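Here's a quick tour for anyone opening this structure for the first time. Have a look, then read on.

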Amino acid sequence: MKHRPGYTLIELIVVISIVAILVSFGFSAYTKSQKRQIGQTAGEQIISFLQEQQKISNIGKKACAGKFIGQQVVFTTPNTLSPTSLCDGDSVSGESLTIPGVTSLSASTMTVIFNPLSRGIDLGGSSELILTYQTSTSLTYTIKLTSSGTIEYEGAQ
């Protein structure tokens, strides 16, 4: 019998199996990366919004009449941040931010006030506030606010 060049059925099955395993690992890593990206993007949006409100308070930019008290942000579930400029006897609500991909947003205090002229954050008597949010992919992330005025992304839990 003559030997013909080519691959045997066993060799082809082994190669196809190895390729299938590599593709499944790659797909798994890709989906995990997508899930993490949703949470990180949401965190960046929340921090950016909070820093913007802090900046408005620091420069004393106000949308209301009277003495400026500060910029208030209310966290409402499942995924909305609502700003308000506070003045003596007056307040004006700003444009709310709804964060896509977030299914729950919680903190021990659901309202923070950024004091004017870089005097920190009023956290309702606490020295720090841990803001926790959960994404549609069931991952939980945290952001820490301190009364001194820092806003830090803590990452996934």
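What follows covers the nonpolar core, a salt bridge and two loop serines.

This is a predicted model, where local features need pLDDT of at least 70, side-chain atom pairs count only at pLDDT 80 or more, and totals for chains, interfaces and linings use all residues. Residues are numbered from 1 along each chain as its sequence is written, and side-chain values use heavy atoms, with hydrogens and water left out.

**The core**
- The largest nonpolar core (buried Ala, Val, Leu, Ile, Met, Phe, Trp, Tyr and Cys residues joined through side-chain atoms within 4.5 Å; buried means under 20% relative accessible area, exposed over 50%, partly exposed in between, with a 1.4 Å probe and protein chains only) has 23 residues.
- Ile46 and Phe75 have the most contacts inside this core.
- Helix α1 (9-59) is among the elements that each supply at least two core residues; helices (H or I, at least four residues) and strands (E, at least two) are DSSP runs, numbered from the N terminus.
- With five residues, α1 gives the most to this core.

**The salt bridge**
- Searching the whole structure turns up one salt bridge, meaning a side-chain nitrogen of Lys or Arg within 4 Å of a carboxyl oxygen of Asp or Glu.
- Glu128 and Lys144 form it, at 4.0 Å, N to O.
- Glu128 lies in strand β8 and Lys144 in strand β9, so the pair ties together parts that are 16 residues apart in sequence.

**Two serines**
- Ser118 has a positive phi, near 55 degrees, and sits in the loop between β6 and β7.
- Ser138 has a positive phi, near 65 degrees, and sits in the loop between β8 and β9.
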